[in-house]
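Trainee: I would like to learn how to read a model like this one. Can we go through it feature by feature?

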Amino acid sequence: MTNQLSAMLGTWQENRDSTEWVLGTVYRTEGSAYRKAGAMMLINGHGQQFGLLSGGCLEADITRNARRAMVTGKPVMLTYDGTDEDDLSFKLGVGCGGTVYIMLQPLGSANDLGLGDLYEALQKRQSGVYFQKIDAVEGYFETGALYGQRPAHIENREDGNWLVTPIQPEPHVLVVGGGLDARPVIGIAHQMGWQTTLVDPRPANARAEHFPIAGTILRKIDGDLATYVTDHKVDAVILMAHSVSIDAAALAVLCDAPIKHLSALGPRHRFRDVLNEAGISRNDLAFDISSPAGLDIGGQLPESIALSMLSGIHAALFKQSAAPALAQAAE
């Protein structure tokens, strides 16, 4: 999935010395825009692009301008005004109608704009803040606090204006239960660029040939699972083993784990049975819980249920209401 930052940087890291590269970044928007400030993409000397800065309307022109940044070694500043009939973005059919400001920064062997540090941090699942000086070839990454979870924003400093972008690794979801209905869960999560781990102690379940794209498959639900969840920074857990005893065993092991969200497949009374089997009160659990799991989208088949559950987890991890974006669409 090349649109995720980790995947983009992984491709760049593998080929950084074989061709030229440019980092494209949305540093400001006005009105409606497909991508917001802090969105990034990479373009190489072969004209290949990794990531998106629009809905696909502007990428060809951005790639063309990236060549200018490669040749001159200087940043190229672009503005696409979707409200101006004479502007290129209007002619390209940009549907959002807002204005997007983009910076193209050339990368070199002596100056990678801190992307190497950023890539290494994401491999370790570390969060941090990425700094880019606007209209300059300067950038660096710092692990640590995320500026109070503020979104990407411009800071005015004595040495110029800097885009400050919080960086977090893509979510890591642990699926308890490797039955037929877990396959689309792993598949959709993988397509979104998430890390996935599957655990099931039953030999007939969670077979590697049925889950070829699962990141990791585990076979034991014991204290080592809690250690794994902590060490690998699992964000969310889905209980879907279709076995109260297996789900309860997993919950008992993970009750103190530093996860952010837990989804439990099935009706509320089933999760009460899981809690009773595990000897745990719901009040003992510090993480967010969704029972029944997922959003009510009217799905019945495994693929729809997987979409529902992962949508609910996405909303929970990114602290969104999951309500229809009617107000935004009307603007």
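**Reading the sheets, helices and salt bridges**

Mentor: Start with one pair of residues: Leu42 has Phe50 in strand 3 as its bridge partner. Keep in mind that this is a predicted model.

Trainee: What is the general idea behind strand pairing?

Mentor: Strands of a sheet pair through backbone hydrogen bonds, in a parallel or an antiparallel way. Here, strand 2 (residues 40-44) pairs with strand 3 in the antiparallel sense, over two bridges.

Trainee: In which order do the strands of that open sheet of five run?

Mentor: The order is 3-2-1-5-4, and the pairing is antiparallel. Strand 3 (49-50) and strand 4 (76-81) are the edge strands, each paired on one side only. Helix 1 (residues 5-15) packs on this sheet. Helix 1 touches strand 1 (21-30), strand 2, strand 3 and strand 5 (99-107). The direction of helix 1 makes about 25 degrees with that of strand 2.

Trainee: What is the order in the open sheet of four strands?

Mentor: Read it as 7-6-9-8, with antiparallel pairing. Its edges are strand 7 (139-143) and strand 8 (153-157), and each pairs on one side only. On average, neighbouring strands of this sheet are turned by 25 degrees against each other, direction ignored.

Trainee: How many residues are in the hairpin connection from strand 8 to strand 9?

Mentor: Two residues join them. Strand 8 and strand 9 (residues 160-167) pair over five bridges, in the antiparallel sense. Take two positions to fix the register. His153 has Val164 in strand 9 as its bridge partner. Arg157 stands opposite Gly160, also in strand 9.

Trainee: Which strands does helix 4 lie across?

Mentor: Helix 4 (residues 115-123) lies across strand 6 (128-133), strand 7 and strand 9. Helix 4 runs at about 30 degrees to strand 7. Now pick out Tyr119, which is found in helix 4.

Trainee: Is Tyr119 buried or exposed?

Mentor: Use the cut-off: buried means under 20% relative accessible area. Tyr119 has 18%, so Tyr119 is buried. Next, look for contacts from far along the chain. Beyond residues up to four places away in sequence, Tyr119 touches Ser6, Leu9, Gly10 and Gln13. Tyr119 and Gln13 are 106 residues apart in sequence, yet 8.1 Å apart in space, C-alpha to C-alpha.

Trainee: Where does Asn205 lie?

Mentor: Asn205 is in the loop between strand 11 (195-199) and strand 12 (216-218). Its relative accessible area is 17%, so Asn205 counts as buried. Setting aside neighbours within four places in sequence, Asn205 is in contact with Gly178, Gly179, Asp200 and Arg219.

Trainee: Which residues of helix 7 are buried?

Mentor: In helix 7 (residues 244-254), they are Ile246, Asp247, Ala248, Ala250, Leu251 and Leu254. Now ask what they pack against. The partners are strand 10 (172-176), helix 6 (223-231), strand 13 (236-239), strand 14 (261-264) and helix 8 (268-278).

Trainee: On to charges. What is the idea behind a salt bridge?

Mentor: Side chains of opposite charge can pair when their charged atoms come close. A search of the whole structure finds twelve salt bridges. One of them joins the side chains of Arg64 and Asp61, at 2.6 Å from N to O.

Trainee: How many residues apart are Arg64 and Asp61 in helix 2?

Mentor: They are three residues apart in helix 2 (residues 59-72), so about one helical turn separates them. An α-helix has 3.6 residues a turn, so residues three or four places apart point the same way. Then check the cover at each end. Arg64 is exposed, at 54% relative accessibility. Asp61 is buried, at 12%.

Trainee: What other salt bridges should I look at?

Mentor: Try Arg202 and Asp200, whose side chains meet at 2.8 Å, N to O. Arg202 is partly exposed, at 25% relative accessibility. Asp200 is buried, with a relative accessible area of 0%. Asp200 is also one of the contacts of Asn205. Then compare Glu138 and Lys133, which meet in a salt bridge at 3.7 Å, N to O. Glu138 is partly exposed, at 33%, and Lys133 is buried, at 15%.

Trainee: Which residues are linked in a network of salt bridges?

Mentor: Arg125, Asp235 and Lys260.

Definitions and conventions:
Residues numbered from 1 in each chain as written. Predicted model: local features only at pLDDT ≥ 70, side-chain atom pairs only at ≥ 80, totals over all residues. Heavy atoms only, no water. Pairing = 2+ DSSP bridges. Axes fitted to C-alpha atoms, helices over the stretch in contact; angles between N-to-C directions. Contact = heavy atoms within 4.5 Å. Buried < 20%, exposed > 50% of the residue type's maximum accessible area, 1.4 Å probe, protein only. Salt bridge = Lys/Arg side-chain N within 4 Å of Asp/Glu carboxyl O.
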